[in-house]
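Please look over the sequence and the structure shown here before reading on. The report is meant to be read with both at hand.

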Amino acid sequence: MRTETSGVTSSRGTDRDRTPALNLVGVTKVYGKDGTEVRALNGVSVAIPRGTFTAVMGPSGSGKSTFMHCAAGLDRPTSGSTEVGGTELTRLGETALTKLRRKRIGFVFQSFNLVPSLTVRQNVELPLRLAGERIEEAWLTEVLGRVGLDGRAGHRPGELSGGQQQRVAIARALVTRPDVIFGDEPTGALDTVTAREILALLRECVDEGGQTVVMVTHDPGAASYADRVLFLADGSLAGHLDRPTAEAVAERMTRLGAWS
Ligand SMILES: Nc1ncnc2c1ncn2[C@@H]1O[C@H](COP(=O)(O)OP(=O)(O)OP(=O)(O)O)[C@@H](O)[C@H]1O
């Protein structure tokens, strides 16, 4: 079994800084039973440091969604353990897991998943309300400013472009100051120019906000915004690329048989 670790951490960090944002140890997920078993993940171990941007790639069916679901506590591994910010998810009951997800994990999906009847500000506040947290106006204003939506707080999602809606989703993910933001094809529904703006924004959240981002994508161009790309094949880690270029990622994907 191999553990992937990135070396992108400060040598003067505190203990909290040195605890990986995300730590998977021997995570295996088997779906079905008795002859219909699918081993979607097979002993995956990976530690992702705080303040880094990781892309997860692999051919269709290689286990990317299963990886994200197990890492984010949306699904339970069959064996192995997952830690978010030093807390082991696999030991938590459903209520504690739901609370942890609300507060310490942010999600950005391809389809934005905003509540259409709520304003931008109300959508962004929602995770704090669900977690029963106090809403600090200054922080909310700062988060909306960071994603470039200062003037849009009173609008509803239907009045915004796709790129602006994804900015709302990113603000909603940032608002609880989570240990990790997971992106599931966050630019999959956007045109190329808008996709680049959203990827640059995620990059900025990492570089300037110290956020940790883990993004599943099929797009080598999107993966090139990450510090590291992890490759999955048949449910196992099949290597990584640091400071990836789109060309190098595409070439690795071709070797994994992704486009055949
Ligand atoms: N709920 C489930 N029940 C049974 N098999 C499943 C389930 N979810 C996923 N699988 C299987 O597990 C394997 C990994 O699936 P997963 O969705 O994680 O792959 P993926 O890399 O995200 O694929 P894609 O790029 O096509 O979205 C596949 O063989 C899939 O059919």
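What follows is a description of selected parts of this predicted model, taken element by element.

## The six-stranded sheet

The model, which is predicted rather than experimental, contains an open sheet of 6 strands in the order β7-β8-β9-β4-β10-β11, and the pairing within this sheet is mixed. Strands β7 (105–109) and β11 (236–242) stand at the edges with a single partner strand each, so one side of each is left without a neighbour in the sheet. From one strand to the next, the twist averages 20 degrees.

At the β11 edge, strand β10 (residues 228–233) pairs with β11 in the antiparallel sense over 5 bridges, and A233 has S236 in β11 as its bridge partner. Helix α9 (residues 246–255) packs on the sheet, where it touches β4 (53–57), β10 and β11, and the direction of α9 makes about 160 degrees with that of β11.

## Strand β9 and its neighbours

Strand β9 pairs with β4 in the parallel sense over 4 bridges, and its pairing with β8 is likewise parallel, over 4 bridges. V213 in β9 is the bridge partner of F53, and V213 also has I181 standing opposite. Between β8 and β9 the chain crosses through α7, and this β-α-β crossover is right-handed.

Are the residues of β9 buried or exposed on its faces? Both faces are covered, since V213 and M215 on one side and V214 and V216 on the other are all buried.

## Helix α7

Helix α7 (residues 192–207) has 16 residues, which at 1.5 Å a residue should span 22 Å, and its end C-alpha atoms are 22 Å apart, in agreement with that expectation. Its buried residues are A195, I198, L199, L202, C205 and V206. These residues cover an arc of only 110 degrees around the axis, which puts them on the same side of α7.

The partners of these buried residues are β4, α6 (162–174), β8 (180–184), β9 (213–216) and α8 (220–223), against which they pack. On the face of α7 turned away from the buried side, by contrast, the exposed residues V193, A200 and D207 are found.

## Strands β2, β5 and β6

Another set of pairings involves strand β2 (residues 22–31) and strand β5 (residues 79–84), which pair in the antiparallel sense over 5 bridges; here L24 has T82 in β5 as its bridge partner. Strand β5 also pairs with strand β6 (residues 87–88), again in the antiparallel sense, over 2 bridges, with T87 in β6 as the bridge partner of V84. The hairpin of β5 and β6 has 2 residues between the strands, and in this hairpin G85 takes a positive phi near 55 degrees.

## Positive phi outside glycine

Two loop residues deserve a look at their backbone angles. N113 has a positive phi of about 55 degrees although it is not a glycine, and its place is in the loop between β7 and α4 (120–130). Because N113 has 14 C-beta neighbours inside 10 Å, it counts as partly exposed.

R177, which lies in the loop between α6 and β8, is likewise a residue other than glycine with a positive phi, near 50 degrees. With 13 C-beta neighbours inside 10 Å, R177 counts as partly exposed.

Note on methods:
Residues are numbered from 1 along each chain as its sequence is written. This is a predicted model: local features need pLDDT of at least 70, side-chain atom pairs count only at pLDDT 80 or more; totals for chains, interfaces and linings use all residues. Two strands pair if DSSP finds at least two bridges between them. Axes are lines fitted to C-alpha atoms, for helices over the stretch in contact, and angles run from 0 to 180 degrees between N-to-C directions. Two residues are in contact if their C-beta atoms, placed from the backbone, lie within 7 Å. The expected span of a helix is 1.5 Å times one less than its number of residues. A residue is buried if 20 or more other C-beta atoms lie within 10 Å of its own, exposed if 12 or fewer, and partly exposed in between; C-beta atoms are placed from the backbone. The arc is that of the directions from the helix axis to the C-beta atoms. A crossover is right-handed if, with the strands pointing away from the viewer, the path from the first strand over the helix to the second runs clockwise.
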